[in-house]
Amino acid sequence: MPEFDATFRDTLAELLVWRRDVRRFACGAVDPALVDRLVDAACRAPSVGYSQPWRFVLVDSPDARAAVRANFAECNGEALTAYAGERARLYAELKLAGLDEAPVQLAVFADTATASGNGLGRRTMPEMLHYSVVTAVHTLWLVARAWGIGVGWVSILDPARVQAALDVPPTWDLVAYLCIGYPDIQHAQPELARAGWEHADPEARRVLRR
Ligand SMILES: Cc1cc2nc3c(=O)[nH]c(=O)nc-3n(C[C@H](O)[C@H](O)[C@H](O)COP(=O)(O)O)c2cc1C
């Protein structure tokens with residue numbers, strides 16, 4: 001096992017600070033070999049019972065991308081109607097996806113029918129399969145950042161329609177639709193914080209003792 005020294009730890013801390021959800025992408029393709037590398041890294045994530053339930057779909061075809069864009073536009077329009085007044089005005093101004101610009105788009109599913117893992121760790125908490133996929137997404141996100149690549153997670157979608165548009169088995173649940181590419185602008189602060197939508201919540205930092 002290699003030794004992870006203080007310099008590495010400092011750099012890792014910087015990586016976490018600069019990870020960010022990216023929705024504004026510069027033009028410029030991402031080398032497919034690098035995309036493979038990101039998927040390989042994601043597959044090193046932990047998973048309940050070593051179930052490895054993540055399934056990846058690279059969304060390249062214009063038809064599939066158009067279907068996802070239309071899906072997002074509709075869901076985002078509906079989401080806007082849930083807000084009123086100043087909140088609605090602010091919501092309408094947010095950029096909540098880079099679907100028009102991202103050169104790479106990756107849908108990540110949880111295979112709920114997988115036999116891998118033999119059910120270990122899921123009897124009382126079946127949602128652990130989906131959480132395992134989230135760990136893979138986060139692993140990919142961090143490694144992408146280390147390569148100078150930005151990742152934006154899009155969840156303002158009807159998952160059943162994504163499933164149909166991408167023609168995946170009905171047992172694959174959509175966990176994340178990722179926009180991936182070189183960032184246009186880089187910030188250490190979340191975009192939603194900079195836009196005044198939400199601020200760091202001190203409650204989230206609090207650790208209870210029992
Ligand atoms: C499960 C999940 C779903 C998300 N879905 C969206 C989304 O649909 N649109 C969006 O703009 N950001 C989305 N995000 C990104 C969050 O807005 C972002 O993580 C948060 O504002 C904090 O910013 P940061 O990632 O730059 O720290 C999502 C993030 C997570 C973890």
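**Stop 1: the biggest core**

Start with the largest nonpolar core of this predicted model, a set of 26 residues. Select Val57, Ala107, Phe109, Leu166 and Tyr177, which have the most contacts inside that core. Next, colour helix 3 (62–80), helix 4 (85–93), strand 2 (104–111) and strand 4 (172–181), since each of these supplies at least two of the core residues. The top contributor is strand 4, with four residues. For background, nonpolar side chains in soluble globular proteins tend to be buried together.

Now zoom in on Val57. Which residues is valine 57 in contact with, leaving aside its neighbours within four places in sequence? Show Gln105, Leu106, Ala107, Phe109, Leu166, Val168 and Trp172, and you have the list.

Before moving on, look for a second core, separate from the one you just selected. This second core has 24 residues, and Val30, Ala45, Val108 and Ala110 are among them.

**Stop 2: strand 2 and its partners**

Select strand 2 by itself. Is strand 2 buried or exposed? Eight of its eight residues are buried, so the strand is largely enclosed by the rest of the structure. Turn on the side chains and you'll find Val104, Leu106, Val108 and Ala110 pointing one way, with Gln105, Ala107, Phe109 and Asp111 pointing the other way.

Add strand 1 (54–58) to the selection. Strand 1 and strand 2 are antiparallel partners, paired over five bridges. One spot to click is tryptophan 54, whose bridge partner in strand 2 is alanine 110.

Then bring in strand 4, which pairs with strand 2 over eight bridges, again in the antiparallel sense. Alanine 110 turns up here too, standing opposite aspartate 173 of strand 4. Click on valine 108 as well: its bridge partner in strand 4 is alanine 176.

**Stop 3: strand 4 and strand 3**

Stay with strand 4. How many of its 10 residues are buried? Nine are, so to speak, under cover: the strand is mostly covered. Show strand 3 (150–154) alongside, and you'll see five bridges joining strand 3 to strand 4 in an antiparallel arrangement. To find one of the matched positions, pick valine 154, which has tyrosine 177 as its bridge partner in strand 4. That tyrosine was on your list at the first stop, as one of the residues with the most contacts inside the largest core.

**Stop 4: helix 5**

Select residues 128–146, which make up helix 5. This helix has 19 residues and reaches 27 Å from its first C-alpha to its last, close to the 27 Å expected at 1.5 Å a residue. Colour the buried positions: Met128, Leu129, Ser132, Val133, Ala136, Val137, Leu140, Trp141, Leu142, Ala144 and Arg145. As a reading aid, an α-helix has 3.6 residues a turn, so residues three or four places apart point the same way.

What covers the buried residues of helix 5? The cover includes helix 1 (6–17), helix 2 (32–42), and strands 1, 2, 3 and 4. While you're here, click on arginine 19, which lies over the face of tryptophan 141, 4.5 Å from the ring centre. Then step just past the end of the helix to glycine 148, where phi is positive, at about 80 degrees.

**Stop 5: aromatic rings**

Show the aromatic side chains next. The structure holds six aromatic pairs. One of them is phenylalanine 4 with phenylalanine 8, a tilted pair at 5.2 Å centre to centre with 40 degrees between the planes. Phenylalanine 4 is partly exposed, with a relative accessible area of 40%, and phenylalanine 8 is also partly exposed, at 40%.

For an aromatic cluster, select Tyr83, Tyr91 and Trp197. Add arginine 87 to that view: its charged end sits over the ring of tryptophan 197, 4.3 Å from the centre.

**Last stop: before helix 1**

Finish in the segment before helix 1, where you'll find phenylalanine 4 and also glutamate 3. Glutamate 3 counts as exposed, at 76% relative accessibility. Try two distance lines between C-alpha atoms. From glutamate 3 to arginine 37, 34 residues along the chain, the line should read 23 Å. From phenylalanine 4 to leucine 90, which are 86 residues apart in sequence, it should read 43 Å.

Conventions. Residues are numbered from 1 along each chain as its sequence is written. This is a predicted model: local features need pLDDT of at least 70, side-chain atom pairs count only at pLDDT 80 or more; totals for chains, interfaces and linings use all residues. Side-chain values use heavy atoms; hydrogens and water are left out. A nonpolar core is a set of buried Ala, Val, Leu, Ile, Met, Phe, Trp, Tyr and Cys residues joined through side-chain atoms within 4.5 Å. Buried means under 20% relative accessible area, exposed over 50%, partly exposed in between (1.4 Å probe, protein chains only). Contact means heavy atoms within 4.5 Å. Rings of Phe, Tyr and Trp (its six-membered ring) pair if their centres lie within 6.5 Å; planes under 30 degrees apart count as stacked, over 60 as edge-to-face and the rest as tilted. A charge sits over a ring if NZ of Lys or CZ of Arg is within 6 Å of the ring centre and within 35 degrees of the ring normal. The expected span of a helix is 1.5 Å times one less than its number of residues. Two strands pair if DSSP finds at least two bridges between them.
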